[in-house]
Amino acid sequence: MAQFNETSSVLGFILLGLSAHPKLEKTFFVLILSMYLVILLGNGVLILVTILDSHLHTPMYFFLGNLSFLDICYTTSSVPLILDSFLTPRKTISFTACFGQMFLSFAMGATECVLLSMMAFDRYVAICNPLRYPVVMSKAAYVPMAAGSWAAGIINSVVQTSQAIRLPFCGDTVINHFSCEILAVLKLACADISINVISMVVANMIFLGIPVLFIFVSYVFILTTILRIPSAEGRKKAFSTCSAHLTVVVVFYGTILFMYGKPKSKDPLGADKQDLADKLISLFYGVVTPMLNPIIYSLRNKDVKAAVRKLVVQKYLTE
């Protein structure tokens, strides 16, 4: 009961964001808003063409539509809050809204990790076992695969968020971040968070380690199969079917490794600069990857480009 009373006494949190750098806030408001609009437009168009164009009613584009919807949900869970914080002097967020935003961000991030591995399996079957592709990747298979990705991400988020929300928060309620990032929130708890940390480590192994390993093994088999194709044209055509997905995977996981793998500065004078750099990297990670996904798939995929052109022409003719 004491723990419940301590937690419930916290009505909200203060998001520090770029409060120490007010001159940057207006600049980043315009920049992030522009990128957010590109995310909504690019991913919205991809979802539209994968639904309306019958040629794109295949497992690969079904997964791509899910990825685009996921990117819209992921950015919408945090970007409006971030934009508001750039314009509002008092950057507060209620206790309920904070953990709601944390839940959505965590769920979307974990879902994307699993979904990318499902997309890798789709490319593996298409290139390594093309004759069995219609059987293995039937609608009865790829729809549950996508649904399972969403379910896994949501279940993981329920576990992590429910553990965090039960912690007592007392004293300092200033989150040194743009949004309710779980590690930043856990630092404010006035209780032992070892269980939370262990749970997150296990979750990272499951939702980061296993998908990365699965994607790596899939592409080893894919590249081995491609190199066995006798003609250069055949190799180029086979690789083009998975190059967009491979690029998205490299951008997604490469950014994560850069964020959490870079060494920390031991110089106290450079701590503030590093803190600012960490915040900006985290901020751009949340918007750059979702913005690049539709661009990558549009530039490196003839089917998507053709479908977008067809949609534009149809709209022009109807007007």
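The paragraphs below go through a predicted model of one chain, from its overall make-up to its disulfide, selected helix residues and internal cavities.

The chain has 319 residues, and 43% of them are buried. Its secondary structure comes to twelve helices and three strands. Among contacts with a sequence separation of 6 or more, 81% are between residues 24 or more positions apart. Several such pairings between distant parts of the chain appear in the paragraphs on individual residues.

The UniProt record, an unreviewed entry, lists residues 28-49, 61-83, 95-121, 141-159, 180-199, 205-227, 239-260 and 280-299 under "transmembrane region". Two of these ranges can be set against the model. Residues 205-227 are 100% helix and 0% strand, and the C-alpha atoms at the two ends are 31 Å apart. For residues 180-199 the values are 55% helix and 0% strand, with 18 Å between the end C-alpha atoms.

The start of the 180-199 range is also where the disulfide is found. The model contains one disulfide, which links Cys 98 to Cys 180 with a sulfur-to-sulfur distance of 2.0 Å. The angle about the S-S bond is -130°, and the link is left-handed. Cys 98 belongs to helix H5, while Cys 180 sits in the loop between strand E3 (174-175) and helix H8 (182-186), so the bond ties together parts that are 82 residues apart in sequence. Both Cys 98 and Cys 180 are buried.

Other cysteines can be considered next. Cys 242 takes part in no disulfide; the nearest cysteine sulfur belongs to Cys 128 and is 9.2 Å away. A disulfide requires sulfur atoms within 2.5 Å, so a pair at that distance does not count as one. Cys 242 is buried, because its relative accessibility is 0% and the cut-off for buried is under 20%. Cys 73 has a relative accessible area of 25% and is therefore partly exposed.

Helix H7 (residues 139-165) contains Thr 161. With a relative accessible area of 7%, Thr 161 counts as buried. Apart from neighbours within four places in sequence, Thr 161 is in contact with Phe 99, Met 102 and Phe 103. Ala 151 is another residue of helix H7. Its setting is partly exposed, at 35% relative accessibility. The C-alpha atom of Ala 151 is 8.9 Å from that of Ala 107, although 44 residues separate the two in sequence.

A further example comes from helix H10 (residues 232-261), which includes Val 251. Once neighbours within four places in sequence are left aside, Val 251 is in contact with Thr 289, Leu 292 and Ile 296. Val 251 and Val 288 are 37 residues apart along the chain, and their C-alpha atoms are separated by 9.3 Å.

Thr 289 appears again in the description of the cavities. A search of the whole structure finds two cavities of 30 Å³ or more. The largest encloses about 70 Å³. Its lining consists of Asp 71, Tyr 74, Gly 109, Glu 112, Phe 252, Tyr 285, Thr 289 and Pro 290. Helix H3 (59-76), helix H5 (95-128) and helix H11 (271-299) are the elements that each give two or more residues to this lining. H11 provides the largest share, three residues. By class, the lining of the largest cavity has four nonpolar, two polar and two charged residues.

The second largest cavity holds about 40 Å³ of space. Leu 15, Leu 81, Asp 84, Ser 85, Thr 88, Arg 90, Lys 91 and Thr 92 line the second largest cavity. Here the largest share, again three residues, is from helix H4 (residues 79-87). The lining of the second largest cavity divides into two nonpolar, three polar and three charged residues.

Helix H5 links two parts of this account. Cys 98 of the disulfide lies in helix H5, and helix H5 is also one of the elements that give two or more residues to the lining of the largest cavity.

Terms used
Residues are numbered from 1 along each chain as its sequence is written. This is a predicted model: local features need pLDDT of at least 70, side-chain atom pairs count only at pLDDT 80 or more; totals for chains, interfaces and linings use all residues. Side-chain values use heavy atoms; hydrogens and water are left out. On a 1 Å grid over the protein atoms alone, a cavity is a set of points where a 1.4 Å probe fits but cannot get out, and a pocket is an open set with protein on both sides within 12 Å along at least five of seven lines; lining residues have an atom within 4 Å of a point. Grid points are joined across faces, edges and corners, and a volume is the space filled by probe spheres set on the points. Helices (H or I, at least four residues) and strands (E, at least two) are DSSP runs, numbered from the N terminus. Ala, Val, Leu, Ile, Met, Phe, Trp, Tyr, Cys and Pro count as nonpolar, Asp, Glu, Lys and Arg as charged, and the others, Gly among them, as polar. UniProt positions are given in the numbering used here, feature names are shortened, and annotations may be inferred rather than shown by experiment. Buried means under 20% relative accessible area, exposed over 50%, partly exposed in between (1.4 Å probe, protein chains only). Contact means heavy atoms within 4.5 Å.
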